[in-house]
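Here's a protein model to poke around in. Let's take a few spots one at a time and see what each one looks like up close.

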Amino acid sequence: MKAVFAAPGNPGAAEVATCYETADYVELAEHLDADVTVVGPEVPLVAGIVDRFRARNLAIVGPTAENAALEGSKIHSKRFMEKLGIPTARFQIVAGPADVSRDFRYPVVLKTDGLAAGKGVVIAANRAEVDAALATLPFPMVIEEFLEGEEVSFIVLCDGKRAVPLEPSQDHKRIFDSDEGPNTGGMGAYSDSRILDAPERAAIMDAIIEPVVRATGYTGFLYAGLMMTPAGPSVLEFNVRLGDPETQPLMMRLQSDWGEVLMAAARGSLDCDRLDWSSDPATCVVMSAEGYPGTVRSGDKISGLESVDSAVVFQAGTKRQGADLVTAGGRVLGVTASAPDLQGSISAAYAAADKIHFKGMHYRKDIGAKGLRRYNNLDRARSSVG
């Protein structure tokens, strides 16, 4: 097995990798003679880390700074989609309050132009809520129509010419159950093959993914946040990395040699149309710190991880404080489980989450519930037809 390194990593990563504290990732990759580097967060991608690696002939998975602007700027992304004819919500770019159109029907969606860690989106139900959002969000921004339908995260891995899809997943953005409260970076996700059928996957590849790859020579992960509307898939946003918390259930289901696939992508030599996946669904429940998605409290002791045996606990906002594992960020843990059916994966994830404790912790209790309702309704419909 090849060695794995992480920078900066966290106590969870340290259990499977050697962690380094550094601000010079290029120097570290050269020092380690790394076969391939995979970039997790969006900030270094937008800042051009891939361009710097390639200038030194270092293999890396990710988009160039030019292509990373698909996530780095909502304005650029919307104009790009408009130019290529990629389906997306009708929108307006506004430089200040006086530019805001009154032609939209409510609710409307307001989006900060730059990076906002998943929290730069406000859904306004009326003009008063629009005015309140305009008083807090920075300009310029995008205002767009609100789309109805089922949200889906559709992620592909690209090598500049070819795009290989990962399994579909669904994120849960709002902080509270029943999709209430402010947006977050993601409070949980599930992956189930039934989220999209074969014709829907083909339509997404043909109308959305392939045009982007052809126009840009895109490399790395391309994440299309979609709304499956009655008229077909429509892009809510592009991200230029693996999603969090979608990655956790996806990795629970993946059966291909991920290291080999990543190296092939970095070398521009992906030679498969699909990866190998377990048919078992997987669910991730995010446990957040008190105050999230606003100002969070850190330093609270985390207990109970040693009791978890039915799930994998991915650490995010954690650190060591002496012998204790403590909170060190907004989204602290991603408790993830797979099972032969979706209900089983949900039950296993929550059974594990119930064993973990830290002061002020919060997690949604309905991750995957919409999927269960949808599939139960489909099963009843099939039974009635039969």
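What follows is a short tour of some local features in this predicted model.

**A lysine on the inside**

Start with Lys 111, which you'll find in strand β6, residues 108–112. Is Lys 111 buried or exposed? Its relative accessibility is 7%, and the cut-off for buried is under 20%, so Lys 111 counts as buried. Where does its side chain go? It reaches the backbone oxygen of Leu 236, at 2.5 Å. Leu 236 also turns up among the contacts of Lys 111 once you set aside neighbours within four places in sequence; the others are Lys 74, Gly 120, Val 121, Met 141, Val 142 and Glu 144.

**The helix next door**

One of those contacts, Lys 74, belongs to helix α5, which covers residues 74–84. Which residues of α5 are buried? They are Lys 74, Ile 75, Ser 77, Lys 78, Phe 80 and Met 81. Here's a handy bit of background: an α-helix has 3.6 residues a turn, so residues three or four places apart point the same way. Look at the list of buried residues again with that in mind.

What covers them? The cover includes helices α4 (65–72) and α7, plus strands β5 (91–94), β6, β8 (141–145) and β16 (232–239). Strand β6 is the one that holds Lys 111. Just after α5 comes Gly 85, with a positive phi of about 75°.

**Rings that pair up**

How many aromatic pairs does the structure hold? There are three, and we'll look at Phe 5 with Tyr 20 and at Phe 221 with Trp 258. The ring centres of Phe 5 and Tyr 20 are 6.1 Å apart and their planes sit at 50°, so this pair is tilted. Phe 5 is in strand β1 (residues 5–6), while Tyr 20 is in the loop between β2 (18–19) and α1 (25–32), so the pair ties together parts that are 15 residues apart in sequence. Phe 5 is partly exposed, at 36% relative accessibility, and Tyr 20 is partly exposed too, at 27%.

Now for Phe 221 and Trp 258. Their ring centres are 6.0 Å apart with the planes at 35°, so this pair is tilted as well. It links distant parts of the chain: Phe 221 is in strand β15 (residues 219–229) and Trp 258 is in helix α9 (residues 258–266), 37 residues apart. Phe 221 is buried, with a relative accessible area of 3%, and Trp 258 is buried at 17%.

**Charges over rings**

Rings can have charged neighbours as well. Arg 194 lies over the face of Tyr 375, at 4.0 Å from the ring centre. In another spot, the charged end of Lys 365 sits over the ring of Tyr 363, 4.4 Å from its centre.

**A pocket**

Rolling a probe the size of a water molecule over the atoms shows where empty space is left. The second largest pocket has a volume of about 190 Å³. Of the 13 residues lining this pocket, the closest to its centre are Ala 163, Pro 165, Met 205, Asp 273 and Arg 274. Strand β10 (163–165) and helix α7 (198–216) are the elements that give two or more residues to the lining. Which element gives the largest share of the lining? That's α7, with three residues. You've met α7 already, as part of the cover over α5.

**Odd backbone angles**

Most residues other than glycine have a negative phi, and most peptide bonds are trans. The table lists some exceptions.

| Where | What | Angle |
|---|---|---|
| Ala 7 and Pro 8 | cis peptide bond | omega about 0° |
| Tyr 292 and Pro 293 | cis peptide bond | omega about 10° |
| Asp 33 | positive phi | phi near 55° |
| Ser 178 | positive phi | phi near 60° |

Where do these sit along the chain? Pro 8 is in the loop between β1 and β2, and Pro 293 is in the loop between β17 (282–288) and β18 (312–315). Asp 33 is in the loop between α1 and β3 (37–38), and Ser 178 is in the loop between β12 (174–176) and β13 (180–183). Asp 33 is exposed, with a relative accessible area of 64%, and Ser 178 counts as exposed at 55%.

Note on methods:
Residues are numbered from 1 along each chain as its sequence is written. This is a predicted model: local features need pLDDT of at least 70, side-chain atom pairs count only at pLDDT 80 or more; totals for chains, interfaces and linings use all residues. Side-chain values use heavy atoms; hydrogens and water are left out. Helices (H or I, at least four residues) and strands (E, at least two) are DSSP runs, numbered from the N terminus. Buried means under 20% relative accessible area, exposed over 50%, partly exposed in between (1.4 Å probe, protein chains only). A polar contact is a pair of N or O atoms within 3.5 Å; within protein, one must be able to donate a hydrogen and the other to accept it, and residues adjacent in sequence count only if both atoms are side-chain atoms. Contact means heavy atoms within 4.5 Å. Rings of Phe, Tyr and Trp (its six-membered ring) pair if their centres lie within 6.5 Å; planes under 30 degrees apart count as stacked, over 60 as edge-to-face and the rest as tilted. A charge sits over a ring if NZ of Lys or CZ of Arg is within 6 Å of the ring centre and within 35 degrees of the ring normal. On a 1 Å grid over the protein atoms alone, a cavity is a set of points where a 1.4 Å probe fits but cannot get out, and a pocket is an open set with protein on both sides within 12 Å along at least five of seven lines; lining residues have an atom within 4 Å of a point. Grid points are joined across faces, edges and corners, and a volume is the space filled by probe spheres set on the points.
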